[in-house]
Amino acid sequence: MKIMSRDFTNKEKILLVVLALILVGLAYYYFVDQTVRSTITAADAECQQLQTELDAVQMKIAHLQSLQNAMDELEASGNLTWMGSYNNGKAEVAFLNDILADTLKYSVTFSNVTRNGNQIRRNFTLQYQTLDYLSAQNIMDRLNQGENRCVLGDVKCTMDADGRVTVNQNATFYETMVGGTPDAGLPVDSATANR
């Protein structure tokens, strides 16, 4: 091999070969080895992220399955109630009229509707008179276990000289905005109003 009309000595030829091998090694290191290593590191990080997401999804599935099992148990026991969509007021009034039909007298006073996110609360005060405590308890049981979600609050029972029972109580019907149609009576969402 001649460059500029001078022959390389064996020692120079060996140094050039070593230099060429070093350059090939450096090129391999930077262009192949480092690229492969960074790709493997990125794939490992993505795999870890996907595993974390998979674990979260599996936990959510397990939680949903436990909720479904609880719902199935409630349904099997006959204690399953549902939460009507807003505006379920007419159905709730009809429900109250049906339950209170056998009372001696009654009055129902609804207060303002409140909203927190998708949950609507219809608070009301109920006063009724029955012939005895058993009839009053039956009405409370029907309210509590009826198809409309109703939670009973403060209850005060008094008995007069004839044995008739007068009940004063607070209660709340729960509704949801899911599937409901907003109207002029829909209150402002307290969850967003407090931000």
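The following conversation goes through a predicted model of one chain and asks how its descriptive terms are earned.

Visitor: What should be known about the model and its numbering?
Guide: Residues are numbered from 1 along each chain as its sequence is written, and side-chain values use heavy atoms, with hydrogens and water left out. Because the model is predicted, local features need pLDDT of at least 70 and side-chain atom pairs count only at pLDDT 80 or more, while totals for chains, interfaces and linings use all residues.

Visitor: How many helices and strands does the chain have, and how are they defined?
Guide: There are four helices and seven strands, where helices (H or I, at least four residues) and strands (E, at least two) are DSSP runs numbered from the N terminus. Read from the N terminus on, the elements follow the order β-β-α-β-α-β-β-α-β-β-α.

Visitor: How do you know whether the chain matches a compact globule in its radius of gyration?
Guide: The radius of gyration is taken over C-alpha atoms, and the globule rule is 2.2 Å times the number of residues to the power 0.38. For 195 residues a compact globule would come near 16 Å, but the chain has 38 Å, and along the principal axes its C-alpha atoms fill a box of roughly 135 × 40 × 25 Å.

Visitor: Why is A45 called partly exposed?
Guide: Buried means under 20% relative accessible area and exposed over 50%, with partly exposed in between (1.4 Å probe, protein chains only). A45 has a relative accessible area of 48%, so A45 is partly exposed. A45 has its place in helix α1, residues 10–77, and its C-alpha atom lies 32 Å from that of L23, 22 residues apart in sequence.

Visitor: Why does T109 get the label partly exposed?
Guide: T109 has a relative accessible area of 49% and is therefore partly exposed. T109 belongs to strand β4, and, neighbours within four places in sequence aside, T109 is in contact (heavy atoms within 4.5 Å) with N123, F124 and T125. The C-alpha atoms of T109 and E147 are separated by 21 Å, with their positions 38 residues apart along the chain.

Visitor: What makes β4 and β5 a pair?
Guide: Two strands pair if DSSP finds at least two bridges between them, and β4 (residues 105–116) has 10 bridges to β5 in the antiparallel sense. Within this pairing F110 stands opposite F124 in β5, and in the hairpin, which has two residues between the strands, G117 takes a positive phi near 65 degrees.

Visitor: Which bridges connect β7 to β5 and to β6?
Guide: Strand β5 (residues 119–130) is joined to β7 by 12 bridges, the two running antiparallel, with T125 partnered by N170 and L126 opposite Q169. Strand β6 (residues 150–159) pairs with β7 over eight bridges, also in the antiparallel sense, and there K156 stands opposite N168. The hairpin of β6 and β7 has five residues between the strands, and its G163 takes a positive phi near 90 degrees.

Visitor: What makes strand β7 mostly covered?
Guide: In β7 (residues 165–176), 10 of the 12 residues are buried. For the chain as a whole, 22% of the 195 residues count as buried.

Visitor: What share of the contacts joins residues at least 24 apart?
Guide: Among contacts in the chain between residues at least 6 apart in sequence, 64% join residues at least 24 apart.
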